[in-house]
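Reader: I'm new to this one, and I'd like a close look at just one part: the place where the two chains meet. Could you walk me through it?

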Number of protein chains: 2
Amino acid sequence: MTQQKLEIPAAAGLQEAAGPVAPTPAALSALRPLGLDRVRLGAEGLLGRWRRRNAERTLPHCVDNLHAYGNLGNLRAAAGEDGHDFAGMWFADSDVHKTLEAAAWQLATSPRDAGLRSFVESTTALLARAQQADGYLNSYFTVVAPDERWRKPEWSHELYCAGHLIQAAVAAGRTGASPALVTVARRFADLLVERFGPDGVEEVCGHPEIETALAELYRLTGHRPYLDLARRFLDLRGRGLLGHGRFGSRYYQDHQPVREVREVAGHAVRQLYLLAGMVDVAVETGDLTLLDAAERLWADAFHTRTYVTGAHGSRHREEAYGDPYELPPDRAYGETCAAIASFQWNWRLLLATGRARYADEMERVLYNAFAAAVSRDGRRFFYSNPLQVRTGHASGGEEAAARRLPWYSCACCPPNIARLMASLPGYLATADDGGLQIHLYGDASLEAPRGRRVEMRTDYPWHGRVELEVAEPGGDGGAWTLALRVPAWCDTYAVSVGGEPVRVPARDGYVRLTRAWTAGTVVVLDLDMPVRQVTAHPRVDAVRGCVALARGPLVYCLEQADLPPGTILEDVRLDLAAPITAGHREDLPDIPVVITAKGLVAHTGESLYAAGAGRERTGPPLTLTAVPYFLWGNRSEGPMRVWIPVAAAG
Amino acid sequence: MTQQKLEIPAAAGLQEAAGPVAPTPAALSALRPLGLDRVRLGAEGLLGRWRRRNAERTLPHCVDNLHAYGNLGNLRAAAGEDGHDFAGMWFADSDVHKTLEAAAWQLATSPRDAGLRSFVESTTALLARAQQADGYLNSYFTVVAPDERWRKPEWSHELYCAGHLIQAAVAAGRTGASPALVTVARRFADLLVERFGPDGVEEVCGHPEIETALAELYRLTGHRPYLDLARRFLDLRGRGLLGHGRFGSRYYQDHQPVREVREVAGHAVRQLYLLAGMVDVAVETGDLTLLDAAERLWADAFHTRTYVTGAHGSRHREEAYGDPYELPPDRAYGETCAAIASFQWNWRLLLATGRARYADEMERVLYNAFAAAVSRDGRRFFYSNPLQVRTGHASGGEEAAARRLPWYSCACCPPNIARLMASLPGYLATADDGGLQIHLYGDASLEAPRGRRVEMRTDYPWHGRVELEVAEPGGDGGAWTLALRVPAWCDTYAVSVGGEPVRVPARDGYVRLTRAWTAGTVVVLDLDMPVRQVTAHPRVDAVRGCVALARGPLVYCLEQADLPPGTILEDVRLDLAAPITAGHREDLPDIPVVITAKGLVAHTGESLYAAGAGRERTGPPLTLTAVPYFLWGNRSEGPMRVWIPVAAAG
């Protein structure tokens, strides 16, 4: 067993509690994240409530289920401590690692949570015992199939699991939650360098994740071979090393070299984790061809294959991207993990380039596809996040469930939710000597370098008014810039400083206010939030003749629960000629802002096909209630739809 | 080895060359099919040309591939004749059986085809040698997994393969092509009765087929235990005997008893073969609860889950039916085998009840979903038969191929096509003492009982005029009835007898002409065939705002091949204000009737989502050419669509 010292990059200057993605000082990074512990979410804001629910409900639920479903038992069996039969998927270890990562991020702001600390310590110790003498750590291939170790890279998920172990260790290292976990992960990472490094075998993993993980481990440790190995895995991809497999090489993005590919393809989560790794390696190595490729694929993904909720994945069969503009709302396979991966990828692109469009996508996916995956009580989860559930839907099992389930046989999503929720403060803002850039709005206190502190007070996303008080201007009294994102959804906004309106046009998506700030100055950004009638590109056949209602960053939906008994949701039409309003409604006290509109019920006959256009006749009007998509399915399991057919103009 | 005499049901009176489905005299059967050899398809009619192409191209191609892909080698290995490694799917034997069945039907009208006869004889002999002493016959479970025999009914397809062997034997028995094949099949069937019969185990097969096969074997042999076993398999279904499996018990229709289920569900081919068996058993046992259930499921399938082409199956993931009205054209999984199974099921319902709606569906699926599966040259095939292929479609392998492939790793469809094409004459008409009922029109000569012969001359489906000459009125000179189906798609038609118009309203879908016919009398049925603009039920979200163009029984489509270079098919809109015409066009000489319309090209921007309705602007007009759907993909691999978005009324 080799022991290592924690190497810190020479010019590190890393904050002790850096959050997810901490570019080294040498990295090509337009923006520098605030540390996770430099952003304190307010208790009453939506983001703060989500994170608290995560800490109090979701994370303990995940820990309980790691016990109940045998994931921890698998590791004990790997440690030779009991005769436990292997339980669950062959990559069940990754659920442990993701939960550990979540716990580590949470401990950054809840250092005295004894239960969480005990979970991290005992699980780290278990992992250390389950680790083999050479550093290998994977309970399935230790307990069930030792002869298969490293033999089926297209299928085994060994490097995927290693990647999540490393991500957990990075979180544990950055937050100080567990130096021992860093040791475990590095022992495994060193084995990977030995086996897969410059003198090693030419192989890649069927499920990307190791690439971004190794880049992050390099950032934590300064140990260059990790970064080199991440790059090598990217360089080797697209040479057909994985073979054709069941779904063809596109499925695992092995059909073309990563620098040459022009379209997102295959399994969405794999594609998105791979893209995250491409950006990490690009900025740390200065290899701009990787960044160019990632941005090119971003354009393809977000111009042709992303749901209005920010979800990715149009096909259940291979959990995959579809053809361009193939975006069926009912058969969306918007895996929660893909939403998370998209959020993480966009964060990397935002840091690398400073372009607001990446923050826009973070916001969209956060408040819609991602947020919808968790129940209000924090203990039930969606997997595929459809945008429509039909009357008569037969669930077909976990993959097309119309209700959130407490756990899954493939439980990748719940602990993934836990780690993103726990690390949420790390994504709100960036800062440097020149100032503070705010990308996501929420009730929070932000501490930037040089003693600058800003208090952000807002009811976002329910209302568009954001107050930012420069509580401590910091440093030398010199000028610095407060940059505030104006979301792409917002057409009209107002800015005032100290009560005085200022006219500062947004440039590249940000309003930039440069001042020698004095303590107590309040900046108000007031983003207009009218209800928007969103239409899709005309090539999206699946939602022709429909609009989606949205307000601010939130997409809304209709639910059966809000229709009169006997009304079939599929027969409801939206009357665009009538007013559409938004506000609080006493009959729905738990939802701060509800959209109210007028609709009609279409009369439909029995025959499936008939000659002659204009067969639809609409009947009496009714009031339509649209609720935030992220809250759907919390009242009943009934039908739901985001895209609402528009009544023919009368 | 037991030897059996061919028992013939007491009151048999079967025609020697009865075709698929030959109800016993005791059966509850409203109609009685003409024998396969009593219908001679004309050489120039579309049906006759299809059948000839099948005999000359498709069937030999299948035989060649049974050699090339190892199916016959598997059987030689099972016979202990060579050390061949097992090749292909574990149910590869079924491809042999289906090809044998096709050959048997073909031999009914091509008795001197020496190559076909030799294939039947040598393959039958091979099967006999591969058969085990107890009658068991399955090369996979003989060669690869003898210990697994009968142990995995949810997966093994053993009874499915047995069913296709029996179907081949039934064809061979009815046509006289191979009494030896009947012996082989009966030896296996007797083993099934012993193992699964009244005193045997309670098991069913994950893939239905055995039910209809055993009922047909009973019809051929009169041996009641076969029918009883078919019924027993139906009775045992829906009790969860198959377990939950990968896709849940709905996948293989084991979620509810067959008499209680109210919706089609799961794997479409399995559902449809099961339904065929239900009708067979219902009419032979008099158990009307089975027929009621089948008709109830028919209403569900055809009112909520059938494509306009007659295809069944909306989901690639489980090759399954979707929710009601879930009918995505691009992701249709209209497996060719499901089209064939639907045709066979509707034929059984037509015979049982005499209701025209079943003949309507036979016609629709025959000329569209089924016919499209074969290339013009008869040697390439579609599997999933989508109704739309997008620009930029990435094939994703065999299951979503945008072009016909010569063969498939799961090659169930090509030999299934061969058996339906070969048996086509058996489906055109029924007859009894009271007269002759014509269900499908085509150039053909029909010989009914009592010496009645009718010559049918028509260019159907290209033109709606059908001439029927009573060439031999037959028998005693008494009156009999000629019943002619008026398809549901036809609003206007005319009938004349001997040149004199007659006004006989269609009743229940048939015009019935009762006369004491004299030789040479010509009846003309003239079905109006205007171009129809077909719309789907408003709940079919996937084609909202679109029409399909149809004429007679044919659905048409747009292909990239007919668009100006640079025009994206997805941007084309149909102008309903302009005339839509049909006729022969010199620029497309191979297609008898082409539809010509006017269209517009929509201008579309880059953004995937935008606020505000009415974002689509249309540009200059263009001429649109629609070709029969069944001919698509014969010129190029380009995009195609059946459902055409309609231009906003200007």
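Author: Sure, let's start with the polar side of things. Across the interface of chain B and chain A there are 26 residue pairs in polar contact, counting pairs with both residues at pLDDT 80 or more. That cut-off is there because this is a predicted model.

Which elements of chain B take part? Those that give two or more residues to the side touching chain A are helix H11 (288-304), strand S13 (531-536), strand S19 (609-611) and strand S22 (643-645) of chain B. S13(B) gives the most, with five residues. If you sort the residues on that side of chain B by character, you get 22 nonpolar, 16 polar and 24 charged.

With charged residues in the mix, salt bridges are worth a look. The rule finds ten of them across the interface of chain B and chain A. One to zoom in on is the pair Arg331(B) and Glu326(A), whose side chains meet at 3.8 Å, N to O. That counts as a salt bridge because the cut-off is 4 Å.

Now for the overall extent. In terms of contact, 62 residues of chain B touch 62 residues of chain A. In terms of area, the two chains bury about 5200 Å² between them, and 50% of that is on carbon and sulfur atoms. Three residues to pick out here are Arg544(B), Leu608(B) and Tyr609(B): they supply 15% of the area that chain B buries against chain A, more than any other three residues.

Tyr609(B) also takes us back to a strand, as S19 of chain B covers 609-611. What does S19(B) pair with across the interface? Its partner is strand S13 (residues 531-536) of chain A, joined to S19(B) by three bridges, and the two strands run antiparallel. To see one of these pairings for yourself, find Val534(A): its bridge partner in S19(B) is Ala611(B).

While you have both chains on screen, there's one backbone detail to look up in each. In chain A, a cis peptide bond joins Tyr460(A) and Pro461(A), with omega about 5°. Pro461(A) sits in the loop between strand S6 (452-458) and strand S7 (465-472) of chain A. In chain B, the peptide bond from Tyr460(B) to Pro461(B) is cis, with omega near 5°, and Pro461(B) is found in the loop between strand S6 (452-458) and strand S7 (465-472) of chain B. Those bonds are worth a glance because most peptide bonds are trans.

How values were computed:
Residues are numbered from 1 along each chain as its sequence is written. Chains are lettered from A and ligands numbered from 1 in the order in which they are written. This is a predicted model: local features need pLDDT of at least 70, side-chain atom pairs count only at pLDDT 80 or more; totals for chains, interfaces and linings use all residues. Side-chain values use heavy atoms; hydrogens and water are left out. Contact means heavy atoms within 4.5 Å. Buried area is the accessible area (1.4 Å probe) that two parts lose on being put together, summed over both. A polar contact is a pair of N or O atoms within 3.5 Å; within protein, one must be able to donate a hydrogen and the other to accept it, and residues adjacent in sequence count only if both atoms are side-chain atoms. Helices (H or I, at least four residues) and strands (E, at least two) are DSSP runs, numbered from the N terminus. Ala, Val, Leu, Ile, Met, Phe, Trp, Tyr, Cys and Pro count as nonpolar, Asp, Glu, Lys and Arg as charged, and the others, Gly among them, as polar. Two strands pair if DSSP finds at least two bridges between them.
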